[in-house]
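Dear colleague,

I am handing over a structure that you have not worked with before, and below it I have set out what was found. Please read the notes with the structure open beside them.

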Amino acid sequence: MSTRAENVAALRASYAELVPGQKVEARLFAPSDAPGVGRLFLQVYGDDYPVDEPYVPELLTEANATGRIHTVVASVPDGSIVGQGAVFRSSPPNTRMYEYGQILVDKAYRNSFAAYRLHQYAFKNMFGQLDGVDAMYAEAVCHHIVTQKMSANSNFFECGLELGLMPEAAYAGEGADGRVSCLLYIRLDDAGQGPLAIPACWREQVEATLPTWPLTRNISVSGPEVAAPAGSVSALDVRHFAFAGVTRVQVASIGADFAQCAAREIAAARQREDAMVQFFLCLGEGWTGQAAETLRQAGGFFAGFLPQWFGALGSGPDGMLVQLYLKPAKLAPLLAHSEHGATVIRRVVADMLRAGREFGAPVGAPLPDMDALVKPGGKSSA
């Protein structure tokens with residue numbers, strides 16, 4: 001099997017502009033489509049995409065054959081691949097929650113129906129129908145509402161905001177001015193059951209989000225006075241995304257050492273000059289409130305409630321996203337397609353500003369008029 005570098009070199013050597021104006025059809029990926037998919041990733045990301053599969057045909061074909069990725073392509077009569085999207089294993093520790101995304105369209109077809117056809121194919125043939133997939137999540141950018149609109153009417157619901165997640169350079173072709181924020185959406189086809197210990201310091205935010213789905217949970221409220229068992233050890237999975245300047249910390253279990261673990265990861269991220277740290281806390285243990293309070297006092301702010309994020313692999317099925325800026329962030333515009341999405345944005349921004357006032361934590365700016373987030377023409381999904 002050829003290496004990633006060899007495949008990227010071959011894609012560059014064979015790169016050619018596509019013939020515009022052809023009829024677009026969406027269908028499932030076939031192994032012969034792999035070079036066309038690689039060409040799209042090269043056009044959009046160069047050779048910087050953080051995983052190998054899109055660039056290496058054998059890996060992409062294997063991932064589709066084993067169900068780690070379910071790729072949809074948009075093809076035209078001359079055989080070219082003009083777009084692609086995917087349902088794939090990604091960040092959540094829950095191996096039965098897949099991400100929906102990677103929707104890429106060739107520059108010659110960005111004013112066509114290619115993206116719409118990809119989404120409609122996924123909606124009709126994948127959502128709620130894939131073996132081994134009980135839930136999906138998606139990240140929709142906020143400097144425009146195109147991807148937010150695709151999530152509407154697909155049983156994806158806004159539940160969080162990754163404020164200033166991506167650097168401006170990632171969306172330079174779209175005219176982004178500042179770090180781009182992403183609304184988090186979750187679709188549940190099996191909501192599962194289990195304990196939900198809501199941290200007292202963010203009880204209001206979590207309880208405001210809970211009615212979005214019909215969840216069956218054993219709910220309690222966890223205050224900061226309840227400590228983890230003496231000698232218990234936190235279970236952390238840490239990933240660093242150098243291009244984005246983001247460290248993600250998945251916390252499947254909270255031990256007595258959590259405060260030290262959190263401080264260590266924040267210090268390491270600061271040493272790398274990251275823009276932010278994201279903590280995904282599992283909310284299954286009765287001492288989640290103490291861990292949440294630790295992050296709150298470190299300058300963290302509530303960024304989302306994520307049902308089924310941990311699934312059966314955590315002490316409880318659900319997670320909460322806490323975000324912490326390490327330096328002031330210049331933010332791209334914040335736009336919402338729906339009033340529900342606007343409410344989520346307001347909730348997260350308000351807590352970020354609270355962290356700035358209370359602990360002097362860095363914040364993102366400029367901020368829009370919070371009463372005018374819904375772009376004209378947007379429809380409420382609340």
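Among the contacts in the chain with a separation of 6 or more, 71% are made by residues 24 or more positions apart. Please keep in mind that this is a predicted model, and that every value here was computed from it.

As for the overall build, the chain has nine helices and 16 strands, and its C-alpha trace spans about 65 × 45 × 40 Å along the principal axes. The radius of gyration is 21 Å, which agrees with the value near 21 Å that a compact globule of 382 residues would have. Of these 382 residues, 53% count as buried, while the chain exposes about 16100 Å², of which carbon and sulfur atoms supply 53%. The chain carries 31 positive and 39 negative charges, and the mean positions of the two sets are 4 Å apart.

Turning to the interior, the largest nonpolar core holds 95 residues, and the members that touch the most others in it are Phe 258, Phe 279, Leu 281 and Met 320. Apart from this core lies another one, of 20 residues, which includes Phe 41, Ala 63, Ile 81 and Phe 88. When neighbours within four places in sequence are left aside, Phe 258 is in contact with Ser 234, Val 251, Phe 279, Leu 281, Ala 291, Thr 294 and Leu 295.

Two further residues may help you to find your way around. Glu 265 is in helix 7, which covers residues 258-271. Is this Glu 265 buried or exposed? Its relative accessible area is 11%, and because the cut-off for buried is under 20%, Glu 265 counts as buried. Not counting residues up to four places away in sequence, Glu 265 touches Leu 236, Val 238 and Val 249.

The other residue, Ala 108, is placed in the loop that runs between strand 4 (97-105) and helix 4 (114-125). With a relative accessibility of 33%, Ala 108 counts as partly exposed, since that class takes in values between the 20% and 50% limits. Leaving aside neighbours within four places in sequence, Ala 108 is in contact with Leu 18 and Pro 20. In addition, the C-alpha atoms of Ala 108 and Glu 17 are separated by 8.1 Å, although the two residues are 91 residues apart along the chain.

With kind regards

Conventions. Residues numbered from 1 in each chain as written. Predicted model: local features only at pLDDT ≥ 70, side-chain atom pairs only at ≥ 80, totals over all residues. Heavy atoms only, no water. Helix = DSSP H or I, 4+ residues; strand = E, 2+ residues; numbered from the N terminus. Buried < 20%, exposed > 50% of the residue type's maximum accessible area, 1.4 Å probe, protein only. Contact = heavy atoms within 4.5 Å. Rg over C-alpha atoms; globule rule 2.2 N^0.38 Å. Areas by Shrake-Rupley, 256 points an atom, 1.4 Å probe, with all protein chains shown as cover. Lys, Arg positive; Asp, Glu negative; His and termini not counted. Charge placed at Lys NZ, Arg CZ, Asp CG, Glu CD. Core = buried A, V, L, I, M, F, W, Y, C linked by side-chain atoms within 4.5 Å.
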